[in-house]
Amino acid sequence: LGYHTHNQFLQALLQNGLPGLAVCLLIFALMASMARKTVSETGLLTLLFFLYWFTDAMLETQYGIVIFSFFPLFSHISHRFSIREGDTGVGNP
């Protein structure tokens, strides 16, 4: 129907009903779980996403989908493959 509610939770509820809202909350819970297991920057990013979901329906725009898709992924991957202290990454480990 062309809703743009400027709130991701309400947008999911209006478009898909209670199952859509449940999936939206599940996605956020999984992001929070991932943030808890990784570095503090991921936690801050997850908090910013949560606040952003209250002010805009970020999954309805290309800009929001790109931010939502790539930044948590890059943060999680950077934590998994971080360079050990003193390791320059050049030559033999």
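Here are some friendly notes on the predicted model shown above, going from the overall fold to individual residues.

1. **The overall layout.** A good place to begin is the list of elements. The chain has three helices and zero strands, and reading from the N terminus the order is α-α-α. The helices are called H1, which covers residues 8–37, and H2 and H3, which cover 40–55 and 62–80. You may like to trace each one in the structure before reading on.

2. **Inside and outside.** How much of the chain is buried? Of its 93 residues, 26% are buried. The accessible surface of the chain is about 6600 Å², and carbon and sulfur atoms account for 67% of that area.

3. **Contacts across the sequence.** Consider the contacts in the chain with a separation of 6 or more: 52% of them join residues that are 24 or more positions apart. The residues below give you some individual contacts to look up.

4. **The nonpolar core.** Which residues form the largest nonpolar core? It has 11 members: Phe9, Ala12, Leu21, Cys24, Phe28, Met31, Phe49, Trp53, Met58, Ile67 and Phe68. Each of H1, H2 and H3 supplies at least two residues of this core, and H1 gives the most, with six. Leu21 is one of the core members; leaving aside residues up to four places away in sequence, Leu21 touches Phe9, Ala12 and Leu13.

5. **Methionine 31, a core member to look at closely.** This residue is found in helix H1. Is methionine 31 buried or exposed? Its relative accessibility is 8%, so methionine 31 counts as buried, the limit being under 20%. Setting aside residues up to four places away in sequence, methionine 31 touches Thr46, Phe49, Phe68 and Pro72. You can also find leucine 45, which is 14 residues from methionine 31 along the chain; the C-alpha atoms of the two are separated by 9.7 Å.

6. **Aromatic rings.** The count of aromatic pairs comes to eight. One of them is formed by tryptophan 53 and phenylalanine 68: the ring centres are 5.6 Å apart and the planes stand at 40°, so the pair is tilted. Tryptophan 53 belongs to helix H2 and phenylalanine 68 to helix H3, so this pair ties together parts that are 15 residues apart in sequence. Both tryptophan 53 and phenylalanine 68 are buried. Ring pairs also link Phe9, Phe28, Phe49, Phe50, Trp53, Phe54 and Phe68 into a cluster.

7. **A nonpolar patch on the surface.** Now turn to the outside of the model. Val66, Phe70, Phe71, Leu73, Phe74 and Ile77 make a nonpolar surface patch of about 550 Å². Take phenylalanine 74, which lies in helix H3. Why does phenylalanine 74 count as partly exposed? The term covers values between 20% and 50%, and phenylalanine 74 has a relative accessibility of 48%, so the label applies.

8. **Aspartate 56, in a loop.** Where is aspartate 56? You will find this residue in the loop between helix H2 and helix H3. Aspartate 56 has 15% relative accessibility and therefore counts as buried. Not counting residues up to four places away in sequence, aspartate 56 touches His4, His6, Asn7 and Gln8. Try selecting aspartate 56 together with these four contacts in the structure.

Conventions: Residues numbered from 1 in each chain as written. Predicted model: local features only at pLDDT ≥ 70, side-chain atom pairs only at ≥ 80, totals over all residues. Heavy atoms only, no water. Helix = DSSP H or I, 4+ residues; strand = E, 2+ residues; numbered from the N terminus. Buried < 20%, exposed > 50% of the residue type's maximum accessible area, 1.4 Å probe, protein only. Contact = heavy atoms within 4.5 Å. Areas by Shrake-Rupley, 256 points an atom, 1.4 Å probe, with all protein chains shown as cover. Patch = residues over 30% accessible without salt bridge, like charges linked within 9 Å, V, L, I, M, F, W, Y side chains within 5 Å. Salt bridge = Lys/Arg side-chain N within 4 Å of Asp/Glu carboxyl O. Core = buried A, V, L, I, M, F, W, Y, C linked by side-chain atoms within 4.5 Å. Phe/Tyr/Trp six-rings, centres within 6.5 Å; stacked < 30°, edge-to-face > 60°.
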